[in-house]
Amino acid sequence: MTLASWISSIRFILAPLIHWNLSSGDQAGLIWALVLLLLAGLTDVLDGWVARSRNEVTELGKLLDPLADKLTILAMLTGLARSWEFPWWLVFAYVGKEILQVTAGAYLLKSFGQLIPANRWGKNATVGFFCGFGLYLLNHLVGTLMIGAAFSLSVYALYTYYLAYLKLKQSKQRQ
């Protein structure tokens, strides 16, 4: 496993800690959740930089990084919904979209032996979610709107992955 994959794996540990702190419903938990969220965001930036600078972009890394992001976002969403009045319907919409995306990714991996790498739309959506969580804690309405915008962007990213799948399928049919 590469250094970048190890860095991505840190978010698998941070996600439940973020959820646990948010779910406490108190100010100390909130502050710790923000610190852990900042650390998770830094690992998200660092793992990509390390993978590219060391020429260690791998299929495992392409799988671990987005899964770590999804788990971290889910941990934040559910923690906010449990203790900070975040709308559950948006949590369920996110979960449904991610189940569809992960299932499609598994299909691609099985059918074509490769994954479609994250693109700028998906990466920007992740940044939007992370920023939206911070904003939510300052102002519920503004944060909810930002998270809603990030969710919309993630749905668009899913559409772009579908278009990439169609291109991949066409190229495999020509071979």
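**Close-up views of a predicted helical model**

**Figure 1. Nonpolar patch on the surface.** Helix α3 gives the most to the nonpolar patch, contributing 3 residues. The model shown here and in the following views is predicted. The patch covers about 620 Å² of the surface and is made by Met1, Leu3, Trp6, Leu60, Leu63, Leu67 and Val102. Two elements, α1 (3-23) and α3 (59-83), give two or more residues to it. Leucine 60, one of the patch residues, is found in helix α3. The relative accessibility of leucine 60 is 38%, so this residue counts as partly exposed.

**Figure 2. The largest nonpolar core.** In soluble globular proteins, nonpolar side chains tend to be buried together. The largest nonpolar core of this model has 25 residues, of which Phe86, Phe133 and Ile147 touch the most other members. At least two residues of this core come from each of α1, α2 (27-53), α3, α4, α5 and α6. When residues up to four places away in sequence are not counted, phenylalanine 86 touches Leu77, Leu80, Ala81, Val91, Tyr136, Thr144 and Ile147.

**Figure 3. Salt bridge between helices α1 and α3.** The structure holds 8 salt bridges. In one of them, the side chains of aspartate 69 and arginine 11 meet with an N to O distance of 3.1 Å. Arginine 11 lies in helix α1 and aspartate 69 in helix α3, so this pair ties together parts that are 58 residues apart in sequence. Both aspartate 69 and arginine 11 are buried.

**Figure 4. Salt bridges of glutamate 98, and a shared network.** Glutamate 98 forms a salt bridge with lysine 70, and the closest N and O atoms are 2.6 Å apart. Because glutamate 98 lies in helix α4 and lysine 70 in helix α3, the pair ties together parts that are 28 residues apart in sequence. Glutamate 98 has a relative accessible area of 9% and is therefore buried. Lysine 70, with a relative accessible area of 16%, is also buried. A salt bridge also joins glutamate 98 to lysine 97, where the closest N and O atoms are 2.8 Å apart. Lysine 97 is buried, as is glutamate 98. Elsewhere, Arg11, Asp44, Asp47, Asp65 and Asp69 are joined into one network by salt bridges that share partners.

**Figure 5. Helix α4 and its buried residues.** Helix α4 has 25 residues and reaches 36 Å from its first C-alpha to its last, close to the 36 Å expected at 1.5 Å a residue. Its buried residues are Leu90, Val91, Tyr94, Lys97, Glu98, Gln101, Gly105, Leu108 and Phe112. An α-helix has 3.6 residues a turn, so residues three or four places apart point the same way. The buried residues of α4 pack against α3, α5 and α6 (140-174). Just after α4, glycine 113 takes a positive phi of about 70°.

**Figure 6. Isoleucine 116 in the loop after α4.** Isoleucine 116 is found in the loop between α4 (88-112) and α5 (120-138). This isoleucine counts as partly exposed because its relative accessibility is 23%. Leaving aside neighbours within four places in sequence, isoleucine 116 is in contact with Leu108, Tyr161, Ala164 and Tyr165. One of these partners, Leu108, is among the buried residues of α4. From isoleucine 116 to valine 45, the separation is 71 residues in sequence and 19 Å in space, C-alpha to C-alpha.

**Figure 7. Helix α3 and two loop residues with positive phi.** Helix α3 has 25 residues and reaches 37 Å from its first C-alpha to its last, close to the 36 Å expected at 1.5 Å a residue. Asparagine 55 is found in the loop between α2 and α3. Although asparagine 55 is not a glycine, its phi is positive, at about 55°. Asparagine 55 counts as exposed because its relative accessibility is 70%. Glutamate 85 follows α3 and lies in the loop between α3 and α4. The phi of glutamate 85 is positive, at about 65°, although this residue is not a glycine. With a relative accessibility of 71%, glutamate 85 counts as exposed.

Terms used
Residues numbered from 1 in each chain as written. Predicted model: local features only at pLDDT ≥ 70, side-chain atom pairs only at ≥ 80, totals over all residues. Heavy atoms only, no water. Patch = residues over 30% accessible without salt bridge, like charges linked within 9 Å, V, L, I, M, F, W, Y side chains within 5 Å. Areas by Shrake-Rupley, 256 points an atom, 1.4 Å probe, with all protein chains shown as cover. Salt bridge = Lys/Arg side-chain N within 4 Å of Asp/Glu carboxyl O. Helix = DSSP H or I, 4+ residues; strand = E, 2+ residues; numbered from the N terminus. Buried < 20%, exposed > 50% of the residue type's maximum accessible area, 1.4 Å probe, protein only. Contact = heavy atoms within 4.5 Å. Expected span 1.5 Å × (residues − 1). Core = buried A, V, L, I, M, F, W, Y, C linked by side-chain atoms within 4.5 Å.
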